[in-house]
Amino acid sequence: MSETVMTRRDLFKLAGAATTVAVGASLVGCASEASAEPAKDTAKAAAGVTSVTLEQATSENVLTVEPSVTSVSLVEGITYKQVLSASGVTSLHLDLLVPSGDDDKPLVVFIPGGGFTGSNPQGSIVQRMALAQAGYVVASVQHRVVPGARFPQPLEDVKAAVRWLRANAATYHIDKERVAAMGNSSGGYFATMLGVTGDIAEFDTGDNLSESSAVSAVIDLYGVSDLTIIGAGLDPEIEQGHDSPATTEAMLINGTAFGGNKGASAFDTPETAAEASPFTYIDGTDPAFLIFHGDKDTLVSPVASAALAEELRAANVPVDRYTISGASHGGPLFDQPEVVDLMIEFLDKNVKNAGEEK
């Protein structure tokens, strides 16, 4: 008859079973109790001595790895601007993705969307990380939002972020001569406005005014363009719904209906809407644009970005626009390699390698 050898694992199992029985017994009124002491054998501690050699430790399952993926560091919550208001001081932040290496790298300033009411710099991580691994420092920028802010305050904020990043370029290994803007939805609007107002001094206010807020390229993802065509061509109910003082674009330019302000839609104040329209500032000196829009988008009409592309082409500004089949307002289709590769190719041509001879 063979002898049964109890291993430490077997003992643990028996101890666990005994504990289970004891607990079950107590539940039905059984007086007996069982407990198991956890294993504790201090004699097994190394105490500075081990039988494993360095050769053994470095020869097990050896992998030879080629460095094909760029390491990226995240720096969060950097305050780039403080705004004093009646309610106190508001700090605006940006998050940075910084590729490894001490060389200066081109910069992409990403403005997250939020329907003009939100500005969360932590979104769109798939796209931002892909750009960082392609060798770009990526700054995701928070700005003021409605109803507390009105145009041009959010634009002034993102311009301040660009200037701050240029002023602190040495700290984060940024080449401040190679800067692009990128944004989605309302962030696409502000990225577009950065692109077409690089030479408009009135929107540069605050600190670091010796630095430029101009950018060399713009990527616009399903962005708002002129505020009066956000619903153009969509279902009549949706399109007519934008003719209201309660829309966020109306609050951006006319404020909220409160107290002495009765509010107004973007259609009620055409001059104010025109001041906030990127079409007003397109003059042929603008940077190259890359635009994406989903054909199923019902929040921002594809007509909005198509009209922007038309205005840019009329001024001889380089622009490529792609319609994403089956895509609505954002979503995973915009994160796919077919789209991201086009972004990187565009940035490499117009920012990273701009001016280099072929």
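The following conversation goes through a predicted protein model, from its overall make-up to a few single residues.

Trainee: How many helices and strands does the protein have?

Mentor: The protein has 10 helices and eight strands. Please keep in mind that this is a predicted model.

Trainee: And how much of the protein counts as buried?

Mentor: Of its 358 residues, 42% count as buried. The accessible surface of the protein is about 18800 Å², and carbon and sulfur atoms account for 53% of that surface.

Trainee: What share of the contacts between residues at least 6 apart in sequence join residues at least 24 apart?

Mentor: That share is 74%.

Trainee: Let us turn to the inside. Which residues have the most contacts in the largest nonpolar core?

Mentor: They are Leu96, Phe151, Leu165, Tyr189, Leu227 and Phe289, in a core of 60 residues. Helix H4, residues 153–167, provides the largest share of this core, with seven residues. Apart from it lies another core of 26 residues, including Val108 and Leu290.

Trainee: Why would such side chains gather inside?

Mentor: As a general tendency, nonpolar side chains in soluble globular proteins are buried together.

Trainee: What does leucine 165 touch, not counting residues up to four places away in sequence?

Mentor: Leucine 165 touches Leu94, Leu96, Leu107, Val109, Ala139 and Ile174.

Trainee: What about helix H5: how many of its residues are buried?

Mentor: In helix H5, residues 186–196, 11 of the 11 residues are buried, so this helix is largely enclosed by the rest of the structure. Among those buried residues are Tyr189, Phe190 and Met193.

Trainee: A new topic, then. Where does tyrosine 322 lie?

Mentor: Tyrosine 322 belongs to strand S8, which covers residues 319–324.

Trainee: Why is tyrosine 322 called partly exposed?

Mentor: Its relative accessible area is 34%, and partly exposed applies because that value falls between the cut-offs of 20% and 50%.

Trainee: How far is tyrosine 322 from histidine 293?

Mentor: In sequence they are 29 residues apart, and their C-alpha atoms are 6.5 Å apart in space. Tyrosine 322 touches His293, and its other contacts beyond four places in sequence include Phe292 and Leu342.

Trainee: One last residue: is threonine 247 buried or exposed?

Mentor: Threonine 247 counts as buried because its relative accessibility, 11%, is under 20%. This residue sits in the loop between helix H6 (236–241) and helix H7 (248–254).

Trainee: Which backbone oxygen does the side chain of threonine 247 reach?

Mentor: The side chain reaches the backbone oxygen of serine 244, at 3.1 Å. Leaving aside neighbours within four places in sequence, threonine 247 is also in contact with Gly241 and His242.

Key: Residues numbered from 1 in each chain as written. Predicted model: local features only at pLDDT ≥ 70, side-chain atom pairs only at ≥ 80, totals over all residues. Heavy atoms only, no water. Helix = DSSP H or I, 4+ residues; strand = E, 2+ residues; numbered from the N terminus. Buried < 20%, exposed > 50% of the residue type's maximum accessible area, 1.4 Å probe, protein only. Contact = heavy atoms within 4.5 Å. Areas by Shrake-Rupley, 256 points an atom, 1.4 Å probe, with all protein chains shown as cover. Core = buried A, V, L, I, M, F, W, Y, C linked by side-chain atoms within 4.5 Å. Polar contact = N/O pair within 3.5 Å; in protein donor to acceptor, adjacent residues only side chain to side chain.
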